[in-house]
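I opened the notebook to look up two things: empty space and helix packing. The entries follow in the order I made them.

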Amino acid sequence: MVDEAERLRNISKYYDELTDGYDEGYSNEVCRAEDSVVLDIIRPYLRGKILDIGAGSGLLCDLVNLPGYHGIEISHKMTSEAKAKHPDKHVAVADMHSLPFPDNFFDSAVSLYGPISYSLTPEDLLSEIRRVVVPGGNIMLMPYTLRVGHKIEIGGYSTATEDSIQKIYYTQEQLVELLSPLEGVHVMGINYFLNTFTRFSQIMGLGNDHTAEQLTLFLEKEKSMREILPAEFARHMIGIGKNPV
Ligand SMILES: C[S@@+](CC[C@H](N)C(=O)[O-])C[C@H]1O[C@@H](n2cnc3c(N)ncnc32)[C@H](O)[C@@H]1O
């Protein structure tokens, strides 16, 4: 049994080792289409001072210029990479369970593509996030989905996940339950079939030269799947809610 301090060190080491080449690994058309859809979803909720939890190599700053941006990240190397790319932005090494900010410091908080799955105490983590976000502020969290945990063939690229590091893969129900202290919670899946489509095209020799714009359109069209398929069937999911006033 790995103790918590050691588990956090392992996460940090794992992402340190992944830093070189990380951006390249997530720069294909599928990822760019997903990023575009995710940005469309979160953009209306990003305002004022923004906390990016598990900021990685600074993806959010790559996508949009947010003057009030503050990122925290447990990997030193990822943090250095984010700072090198965005020297005008605040990015610091910190553990998301103990945020180095006073109460009510942020107007909104976001966590993209997986960091909260690395918390084995997600209720405590949410309390800590709520502490630093003003009442009425928006909180947007993307844990890994159960589908990713099952390593279902998703085509195109693999997910940066390491079996030896314990983490939680979420169902929609679990994320709704976690976010229940928030107001106006909605949870949605992103990318139910796009990877299946690109994999199918590859296997059938139909070519793989789709543009990110075409794939974004595909993701837009499959939004209706949210009505009938639980979010854990998707490659990604996002939960959004408001810190109660
Ligand atoms: C899959 S990456 C996503 C990075 C970035 N949000 C993105 O979308 O490119 C998950 C990130 O969460 C970070 N992370 C994991 N546990 C953390 C913790 N306890 N505190 C802060 N960051 C953490 C990892 O170091 C890693 O950079």
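How much space lies in the largest cavity? I noted first that the model is predicted. Then I read off the volume: about 40 Å³ of space lies in the largest cavity. I also checked the count, and the structure holds one cavity of 30 Å³ or more.

**Entry: cavity lining.** I listed the residues around the largest cavity. Val-37, Leu-219 and Glu-222 line it, together with Lys-223 and Arg-226. The run Gly-189, Ile-190, Asn-191 and Tyr-192 completes the lining. I sorted the lining by class and got four nonpolar, two polar and three charged residues.

**Entry: H3 against H10.** Two names from the cavity lining, Val-37 and Leu-219, turned up again here. Val-37 is among the H3 residues that meet H10, and Leu-219 is among the H10 residues that meet H3. I looked up the geometry next. Helix H3 covers residues 29-42 and helix H10 covers residues 212-221. Their axes lie 8 Å apart, at an angle of about 50°. Angles of 35 to 65 degrees fall in the oblique class, and H3 and H10 are therefore oblique to each other. I recorded the crossing of H3 and H10 as right-handed.

I wrote out the contact in full. From H3 come Glu-29, Val-30, Arg-32, Ala-33, Glu-34, Ser-36, Val-37 and Asp-40. From H10 come Ala-212, Leu-215, Thr-216, Leu-219 and Glu-220. The residues of this contact divide into six nonpolar, two polar and five charged.

**Entry: H9 against H10.** I stayed with H10 and turned to its contact with helix H9, residues 194-203. The axes of H9 and H10 come within 10 Å and cross at roughly 130°. That makes H9 oblique to H10. Leu-194, Phe-197 and Thr-198 in H9 meet Leu-215, Phe-218 and Leu-219 in H10. By class I found five nonpolar residues, one polar and no charged ones in the contact of H9 with H10. Leu-215 and Leu-219 of H10 are in this contact, and I had already listed both in the contact with H3.

**Entry: H1 against H5.** I moved on to H1 and helix H5, residues 76-85. They pack at an angle of about 45°, with axes 7 Å apart. H1 and H5 are therefore oblique to each other. Ser-12, Tyr-15 and Asp-16 in H1 meet His-76, Lys-77 and Met-78 in H5. The class count for the contact of H1 with H5 is two nonpolar, two polar and two charged.

**Entry: the largest pocket.** Which residues lie nearest the centre of the largest pocket? I found Tyr-22, Gly-54, Gly-56, Leu-112 and Tyr-113 there, out of a lining of 40 residues. About 730 Å³ of space lies in this pocket. I then asked which elements supply the lining. H1 (4-18), H2 (22-25), H3, H4 (59-63) and strand S2 (69-73) each supply at least two residues. The lining of the largest pocket has 22 nonpolar, nine polar and nine charged residues.

Methods. Residues numbered from 1 in each chain as written. Predicted model: local features only at pLDDT ≥ 70, side-chain atom pairs only at ≥ 80, totals over all residues. Heavy atoms only, no water. Axes fitted to C-alpha atoms, helices over the stretch in contact; angles between N-to-C directions. Helix = DSSP H or I, 4+ residues; strand = E, 2+ residues; numbered from the N terminus. Parallel < 35°, antiparallel > 145°, perpendicular 65-115°, else oblique. Left-handed = near helix turned anticlockwise from the far one by under 90°. Contact = heavy atoms within 4.5 Å. Nonpolar A, V, L, I, M, F, W, Y, C, P; charged D, E, K, R; others polar. 1 Å grid on protein atoms, 1.4 Å probe; cavity = no way out; pocket = protein on both sides within 12 Å on 5 of 7 lines; lining within 4 Å. Points joined across faces, edges and corners; volume = space filled by probe spheres on them.
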